[in-house]
Amino acid sequence: MLPELDQIEQNALKALEPIQDEAGLESWRIAHLGRSAPLMLVFDQLGKLSKEERPVIGRRANEIKRALEAAFSARSEALRQLALQRTLQTERLDVTLPGRAFTIGRLHPTTSNMRSIIRVFADMGFQVYRSPEVETDEYNFGLLNMPPHHPARDMWATFYTNMPNVSLRPHTSPGQIHVMRAYAPEPIRAILPGMCYRYEQISARKETQFYQIEVLAVGENITLGDLKGTVSDLARRLFGPNMRTRFRAAYFPFTEPSAEYDFECLLCHGKGCAVCAWTGWLEIGGCGMVHPIVLQNGGYDPARFSGFAAGLGTERIMMLKHHIEDIRYFWANDMRFLDQF
Ligand code: DAH
């Protein structure tokens with residue numbers, strides 16, 4: 001019977017070798033170590049053996065059983081390792097790779113510039129009032145003392161639309177009418193920031209869209225002195241206590257008298273350089289005392305009320321502050337430019 005046992009052992013071990021997975025291992029276990037495995041039948045028959053044979057065969061059968069169990073565990077451990085190796089290979093994760101940095105969004109330089117100017121006005125007691133970017137002819141010009149066919153309309157290169165009398169605003173001044181109509185007869189101290197559109201030949205100094213801030217104060221005793229004081233104070237609050245301003249007589253249909261105001265050139269401090277064309281001054285915007293007809297159109301009695309208004313090109317101010325020599329950078333979306341702010 002001993003040779004038979006050797007055969008059982010060899011067969012079992014041989015059958016174990018090619019097994020590659022859990023299912024194969026399990027059927028091998030049932031076939032070679034299960035209840036009706038050839039080895040188990042030997043145990044069943046031990047009782048029928050002679051006294052001399054029984055311990056010899058029993059010991060050998062037990063030996064084989066332990067050997068098969070050991071081979072089984074070794075094989076199943078080997079398969080586990082193999083499977084692990086395979087997943088490590090296919091699902092390789094390199095934890096030493098540096099993480100992907102988050103790109104944190106931030107404000108566009110035009111927006112932060114706009115906000116810092118608005119903050120200065122807020123400190124001076126001005127409120128922000130929003131007005132539309134698409135306007136009727138009446139608001140853009142008519143109510144600002146430019147009736148149809150008034151030649152002053154040509155001062156603004158306006159984008160007209162297919163809709164009769166509807167155009168993109170070329171300046172924030174129509175907002176004056178909106179805010180006056182909203183508050184009359186209360187006094188007003190407001191700024192109206194927003195995008196303006198002009199049909200321009202694009203160049204280093206001109207874009208088809210740009211921001212303006214309209215300034216408007218209406219009350220019972222508003223004077224030209226208030227206008228000059230506000231604009232001069234704005235310059236000092238933006239650029240420091242020594243910043244100088246000057247006013248030059250000008251013409252706008254919606255103010256009387258009208259002026260243009262300049263800030264001292266930041267590059268040469270008035271000495272004269274290429275940026276200011278050797279004048280020492282840079283033009284910032286227009287201003288004046290609100291025309292009586294405009295006050296009336298806003299709902300105020302010009303005999304009782306007066307007001308001042310000013311327009312501010314905000315990109316212009318930023319260009320001065322940061323020595324930006326081309327206005328086209330603002331809307332070109334070039335990260336090399338934007339990253340600097
Ligand atoms: N709206 C004018 C422009 O865009 C600028 C301006 C001039 C605004 C005089 C004013 C003003 O409020 O009083 O060219």
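**Reading a predicted model, term by term**

Q: Why is the link between the side chains of R153 and D137 called a polar contact?
A: In this predicted model, the side chains of R153 and D137 come to 2.6 Å from each other. A polar contact needs a pair of N or O atoms within 3.5 Å, so the value of 2.6 Å for R153 and D137 meets that cut-off.

Q: Does R153 count as buried or exposed, and why?
A: R153 has a relative accessibility of 11%. Buried means under 20%, so R153 counts as buried. R153 is found in the loop between α6 and β3, and the residues it touches include F141, M146 and P148.

Q: What makes N145, in that loop between α6 and β3, stand out in its backbone?
A: N145 has a positive phi of about 70°, although it is not a glycine. Most residues other than glycine have a negative phi. As for its cover, N145 has 18% relative accessibility, and because the cut-off for buried is under 20%, N145 counts as buried.

Q: Why is W278 called exposed?
A: Exposed means over 50% relative accessible area, and W278 has 63%, so it counts as exposed. W278 lies in the loop between β7 and β8, and it too has a positive phi, of about 60°.

Q: What makes the peptide bonds from A184 to P185 and from E256 to P257 worth a look?
A: The bond from A184 to P185 is cis, with omega near 5°. The bond joining E256 and P257 is also cis, with omega about -5°. Most peptide bonds are trans. P185 is found in the loop between α7 and β4, while P257 is found in strand β7.

Q: How do you know that β5 and β9 pair, and in which sense?
A: Strands pair if there are at least two bridges between them; β5 and β9 have eight, in the antiparallel sense. Within this pairing, V215 stands opposite A310 in β9.

Q: Why are β1 and β6 called edge strands?
A: Seven strands form an open sheet in the order β1-β4-β5-β9-β8-β7-β6. The strands β1 and β6 each pair on one side only.

Q: What makes S173 and R198 polar partners of the ligand?
A: An N or O atom in the side chain of S173 is 2.8 Å from a nitrogen atom of the ligand. A polar side-chain atom of R198 lies 2.9 Å from a ligand oxygen atom. The limit is 3.5 Å, so 2.8 Å for S173 and 2.9 Å for R198 fall within it. The protein buries 93% of the 350 Å² that the ligand exposes when taken alone.

Key. Residues numbered from 1 in each chain as written. Predicted model: local features only at pLDDT ≥ 70, side-chain atom pairs only at ≥ 80, totals over all residues. Heavy atoms only, no water. Helix = DSSP H or I, 4+ residues; strand = E, 2+ residues; numbered from the N terminus. Polar contact = N/O pair within 3.5 Å; in protein donor to acceptor, adjacent residues only side chain to side chain. Areas by Shrake-Rupley, 256 points an atom, 1.4 Å probe, with all protein chains shown as cover. Buried < 20%, exposed > 50% of the residue type's maximum accessible area, 1.4 Å probe, protein only. Contact = heavy atoms within 4.5 Å. Lists of a residue's contacts leave out its neighbours within four places in sequence.
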